[in-house]
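The following exercises are to be worked with the sequence and the coordinates at hand. Each task is followed by a solution in steps.

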Amino acid sequence: MRILIVGLIVAFASVQAWSQAKEKVIVVSWGDLVGDKRFVGVAQLDTPDKMTIAAKAWKAKGVGKVLFRVDDFRLLNFHDLYVPPGNPYNEWKDAVTKAWESNLLTSVVKEIKAAGMEVQMWISVVDEGCAPSVFYNDVVPFPWQSRFVKAHPEMQSADRSLTESGRKYHEGVLEFAYPEVRAHVLEQIRFFSDRYAFDGVFLSYRSHSPPPPHADQFGFNAPVVEEYQRRYGKNILRQNFDLEKWRSLRGEYFTQFLREVRAYLNTKGQKLSLGVPQGEHAGPPIGNIALHWRTWVQEKLVDDLIVGHHTLQRATY
């Protein structure tokens with residue numbers, strides 16, 4: 001397994017800042033390219049011809065791997081979109097719908113490989129959206145929400161409330177202690193991996209969800225409560241408890257999810273990469289869930305661990 005330290009790059013033209021890198025990797029946040037009016041022409045990557053031009057330009061600069069974000073298409077297929085007339089996200093929705101219906105992803109994979117580069121799909125795993133009552137960037141109603149969350153709101157990370165009526169949830173952030181959650185996220189991965197000839201999957205820990213008021217507010221769902229009591233003899237809803245043991249337990253469930261993804265990708269001969277923040281814990285906006293990267297290394301669960309995926313300064317070229 002390799003550990004890479006990179007920042008998030010919205011890439012569309014050149015990569016001069018990476019001229020000294022041993023391995024040049026571009027992380028392409030496709031939805032930002034079609035949704036931001038600053039990106040025009042080839043930069044939008046919204047047609048096969050533009051994809052061909054961009055891929056050749058990246059290869060000419062020595063790029064060897066492209067991490068291509070499929071989240072916008074994930075939202076289109078697994079979420080309800082809240083973009084009524086007048087909503088500024090209508091242009092984004094139209095562009096995503098057009099690209100999906102024209103099967104742009106087939107061209108993405110084809111052109112990147114034809115240019116002699118590896119291509120992995122970038123998909124977020126803690127980004128299920130929010131109800132429209134939540135404002136996105138404090139400006140407009142949140143543009144999307146997972147249909148899985150709408151059916152199972154209780155599987156989002158829960159606070160420490162003793163009663164259901166008083167319980168609050170971290171909207172859009174699922175608790176991996178539930179087998180149903182792990183199966184749902186794996187289903188989203190398979191939706192793309194089974195359809196397109198990606199060389200691997202890049203899992204991102206980025207999220208659009210609002211951060212909690214404090215980093216240890218959420219994560220008190222029933223499976224976590226029950227397992228903590230079984231191991232350590234304390235009810236974390238009613239008694240003082242060891243914070244690190246609780247954070248570590250939550251991290252174990254995410255590690256189990258990685259095992260399940262790894263097992264699936266092994267059947268396809270695809271790689272698994274993971275983008276995490278710096279440090280031993282996930283941090284905002286997810287909370288203090290422990291990142292058991294030593295276990296991931298020992299069990300060879302991931303091929304590349306990209307540290308600083310969303311905690312280093314963003315660079316746009």
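**Exercise 1. The nonpolar cores**

How many residues does the largest nonpolar core have, and which residues have the most contacts inside it?

Solution. The model is a predicted one. Its largest nonpolar core has 88 residues. Those with the most contacts inside this core are Trp58, Phe68, Leu203, Phe254, Phe257 and Trp296. The next step is to assign the core to elements: helix α9 (residues 243-266) supplies the largest share, 9 residues. A second core, separate from the largest one, has 6 residues, among them Val27, Leu67, Trp122 and Phe202. As background, nonpolar side chains tend to be buried together in soluble globular proteins.

Continue with Leu203 and list its contacts, leaving aside neighbours within four places in sequence.

Solution. Leucine 203 is in contact with Ile123, Val125, Ile189, Phe257, Leu258, Leu272, Ser273, Leu274 and Gly275.

**Exercise 2. Helix lengths**

Compare the expected span of α9 with the distance between its end C-alpha atoms.

Solution. Helix α9 has 24 residues. The expected span takes 1.5 Å times one less than the number of residues, so α9 should span 34 Å. The end C-alpha atoms of α9 are 35 Å apart, which agrees. At the start of α9, a side-chain oxygen of aspartate 242 comes to within 2.9 Å of the backbone nitrogen of glutamate 244.

Repeat the check for α7 (residues 179-193).

Solution. With 15 residues, α7 should span 21 Å, and its end C-alpha atoms are 21 Å apart, which agrees. Buried residues in α7 include Val181, Val185, Ile189 and Phe192. Arg182, His184 and Gln188 are also buried.

**Exercise 3. The packing of α3 and α4**

How are the axes of α3 and α4 placed relative to each other, and which residues meet?

Solution. The axes of α3 (residues 71-78) and α4 (residues 90-101) come within 10 Å and cross at roughly 90 degrees. Angles of 65 to 115 degrees count as roughly perpendicular; α3 and α4 are therefore roughly perpendicular to each other. From α3, Asp72, Phe73, Leu75, Leu76 and Asn77 meet Trp92, Val96, Thr97, Ala99 and Trp100 in α4.

**Exercise 4. Aspartate 71**

Is aspartate 71 buried or exposed, and with which side chains does its own side chain make polar contacts?

Solution. Aspartate 71 lies in α3. Its relative accessible area is 2%, and buried means under 20%, so aspartate 71 is buried. The side chain of aspartate 71 makes polar contacts with the side chains of arginine 69 at 3.1 Å and arginine 74 at 2.9 Å. Beyond its neighbours within four places in sequence, aspartate 71 is in contact with Trp122, Ile123 and Ser124.

Definitions and conventions
Residues numbered from 1 in each chain as written. Predicted model: local features only at pLDDT ≥ 70, side-chain atom pairs only at ≥ 80, totals over all residues. Heavy atoms only, no water. Core = buried A, V, L, I, M, F, W, Y, C linked by side-chain atoms within 4.5 Å. Buried < 20%, exposed > 50% of the residue type's maximum accessible area, 1.4 Å probe, protein only. Helix = DSSP H or I, 4+ residues; strand = E, 2+ residues; numbered from the N terminus. Contact = heavy atoms within 4.5 Å. Polar contact = N/O pair within 3.5 Å; in protein donor to acceptor, adjacent residues only side chain to side chain. Axes fitted to C-alpha atoms, helices over the stretch in contact; angles between N-to-C directions. Parallel < 35°, antiparallel > 145°, perpendicular 65-115°, else oblique.
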